[in-house]
Structure formats: structure tokens, C-alpha cells
Amino acid sequence: MEKIRFDVVGLYHWDVRSHWKEYAAGAVGKQLVLQPHPENMKDPLAIRAREGRLHVGYVAVPDLDIVHQALKGSGRKRLHGVVVESNPEPPVLTVECEVEAIDWDYDPFDNSAYVGWHYDGLPLIPKRLEQLDDLTADLIDGLETPAAPGDNGLEELTKELLESNLYDMSRDMIRARFRIERLLKAQGNAALQAAAQKLSHQKGMLMRHENRDLVARYLFLDHPTALRQKGLEDSHYTYDNRLDELEQQLRAFPYQLYDKFLSDPVDFLREVYYKHVPRKYLNQLLSGIVLMILKGRVNIKKWGREGDTEPIKRIEALVPTINPTDREKAMKAAIRELLEMRNARGNLIISQKNQWAGILSILTFDYNVPSNDLRDLCRKMQAWGFGEGSGLKCYCDYDSVSKCSDYANLPFSQWRGSGTAYKRQVKAATELRGILRPRIGYR
């Protein structure tokens, strides 16, 4: 026989919600039944805890592995346990069960939903999340290896984990929390045992709205703001010609999580948690979201259950805005600058009139310059001072542009081709984007 301990959380949501504080305060000694709840819409791996007919709560997500492994190893359909510890606020009940065996190799999670999904955009994971992987690995190694007398390294690592683990909602971090908690409890060091208790209590706080709001602000507001201040666009390939493609990849993420982010970034984190998303895929999803924020491609409908508008406005403020009059002036100045640009050999970059096809594509699809058709757009360029009679060698001429209408009538991301003519159009488009981005943003 083996004994396992795990936590039950969520008392304030279910049958004891009207008196959850009193229930938690007197819970030690209560007999609970732990039963899989595959019909749970949020998490088919959820395990319900009940006392008689009272639905008390659910096994904490970080403990689902061990409970499913105990069910599998013992061949049971449900477990019976007793509450051995209780923390009133946040309400966390520690339950102990005795089982015949534990199948430690059993993995209840299914990754088939991610087969075929990929994201190949810019990796934009904050350092805090990157370092958590190394931190947990170092801490587990240190706890499993006897430390030298007087070595305080483990206490420092544990303190760092308690301060930062909430920011990683991945399945990998969930499993690491459980493993580290068990290792900490087995230590003779009183400080490490106290840290285990704090880590256990955090499980009852992970899904609290205020904590999800904190993490959402860090990931989707503070982190993009820091990237913008560092001048990210000056030091990385900007992916501007692939934004439509990358956005399609994000929308194809399993469980429609990208759409859920757009609906509510705070609730999105709860969905990530309950879907047990592996770190590999979660980091790619988060990178894509941050890229779309920086490019002004997100339109967030709501922030949190109170509908806070302040974070949404701050995210929108990351993208430069400009009034229509100044916007048109900036566009004219950018086009004129492009027409005067020369390459390393001293030759004009815009050397043929048909390169206006690439220019018009950027104006139409990237910057929403209104027009009825290609001929109408060429008339607009005439009115802007770029047509025949402007004195320009390569003025905007409809007859020349219409020969390359496949470029002018398509977004840059959909262009396909090769050879010198294609490269000329790409050069015109990318150089114009490079001039316009710092002046009026990405739209």
C-alpha cells in the first residue's frame, strides 16, 4: 500500500460556497470521495471531491497527475481520502489517500490536439518565463542531491520560485510545482518545509481573478511595453510581410485559445491552465500574441470580469496613432523619400514605373488608403503630386502599373514569384514599409 497527499480547491464555487470558511476551518478529519469528472466542460481530466452528496471542490490541477496515476495503478474508479490539513483562506484542503499501487509511468494527458500545429514567428518569451525552466530544474536537482552543511542555495532558489512560478501556466510548470512541493516536505530544513506549505497554498490562489489579472498584465502589457522601449524593431526581422500568415497559425491553435485571448486575456489564462498546454506550445502561442500586440493586430473585446478598460487602452497605446491630415502628409513624405533613395552603388531604388505596383499594394492593404480600383488609386497619386507632370522620372502611371496588377491588387503577404521583376517589387514594398512604420505605425 502507498499513501498520497494532494490538495482540493475551489470550495467557494460549489455546494459549500455559502459557508466555505466555516467548512474549511472544520474540515480536518472529513471523509471525501475523489471521482473523475470526464464530462467537465472546462477540463475532462478534472477530479471532483465530495462529502456525501455535497460537492466540495476539485483536486488542484497540479495534483491531477498523481491522482490519475493512483487510480490507474490501483485499478480503482474513485478514491476515498481523509482531510489531514486545512487552510481557510484561500481554501485549500490537503487530502490523504491510501492506495494499492501508483503507476508512475502513466501519463493522463493527450498531445494529439497539437499534431500538425506550428508557429514559426519571432520568439518573444519574457526572461522570467525562460528562466523558470532552469530554476525548477536546478531546484529539483538540488533537492534530490544532499546539500553541503550550511548551504543556503536551496532556500534562495525556493524563494525565487515562490515569487515567479505563477507566471508560468504550462503543464510542465504544473508538474514541477507538485514534484518540488513533495521534495520540500521531505527536507529536514524547517525553512524549506515552510516553503512547501506556501507552494501548496499557492495552488488555491493560481486561478483567482486577481492573480490571473496580474499575470495577464505582465505578459500582454508590461512585457510588450519593455520590448517596444528596447527598440525591438531595430534589432530583429520584423515579420511584417508574414503577419497574415502568422495570425492564421495562431488562430489554428487547438481549443481556439487565440480567439479566447482576444475575447478576454484574463479568462484566457484560466483556459490555458485547464487545457494543460505544454510549455513548448504555450511559449509559441504567447510569442505570437505579443508579436500581434506590437503590430497593432489585436482587438481585445474585454479585460477581466469587471471589464476594465485601462489595460486595453494601454495596449492600444503601444501602437502609434496619428490624425488623418498628418497621416496623409507622412505618407506623401515617405513616398517622396522612397523615390529619392539610392542603393549602395548610387542607383535609384525605384528605377521603373511599374514598381509603383508594390507601393500601391502597401498603401492599400497595409495603410487602408481608400480607392475604388487601381485606376482610381493612380489618380490619387496624381493628386498627391506623383503623376505625370510632377518632374519625376518614375512617376505613377496607370498603364505601367496595370502590367503588374498581380502585385498591386494583393497584400504583400500573398505575393509569390522570383526573378528580377519580383525582387524589384519586394524592394519597393519593404523599403516603403521601413519608412512608414516609425512614422505612423503598422496600419
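**Helix packing and a six-stranded barrel**

The axes of helix α14 (residues 324-340) and helix α15 (residues 356-366) come within 13 Å and cross at roughly 155°. Here axes are lines fitted to C-alpha atoms, for helices over the stretch in contact, and angles run from 0 to 180 degrees between N-to-C directions. The two helices, α14 and α15, are therefore roughly antiparallel to each other, a label given to angles over 145 degrees (under 35 counts as roughly parallel, 65 to 115 as roughly perpendicular and the rest as oblique). The crossing of α14 past α15 is right-handed, meaning that the near helix is turned clockwise from the far one by less than a right angle. Where they meet, M331, I335, L338 and L339 of α14 face W356, I359 and L363 of α15; contact means heavy atoms within 4.5 Å.

A word on the basis of this description is useful here. The model is predicted, so local features need pLDDT of at least 70 and side-chain atom pairs count only at pLDDT 80 or more, while totals for chains, interfaces and linings use all residues. Residues are numbered from 1 along each chain as its sequence is written, and side-chain values use heavy atoms, with hydrogens and water left out. Helices (H or I, at least four residues) and strands (E, at least two) are DSSP runs, numbered from the N terminus.

The strands offer a second landmark: six of them form a closed barrel in the order β1-β4-β3-β2-β5-β6, with antiparallel pairing. The twist averages 45° from one strand to the next. Two strands pair if DSSP finds at least two bridges between them. Within the barrel, β3 (residues 47-51) and β4 (residues 54-59) share four bridges in the antiparallel sense, and A49 has G57 in β4 as its bridge partner.

Strand β6 has partners in both β1 and β5. Seven bridges join it to β1, again antiparallel, with D7 partnered by T94 in β6. With β5, β6 pairs over six antiparallel bridges, V83 being matched with V95, and a hairpin of four residues links β5 to β6. Six of the eight residues of β6 are buried (under 20% relative accessible area with a 1.4 Å probe, protein chains only; exposed is over 50%, partly exposed in between). Helix α6 (residues 190-202) lies across β1 (2-9), β5 (79-87) and β6 (92-99), at about 105° to β6.
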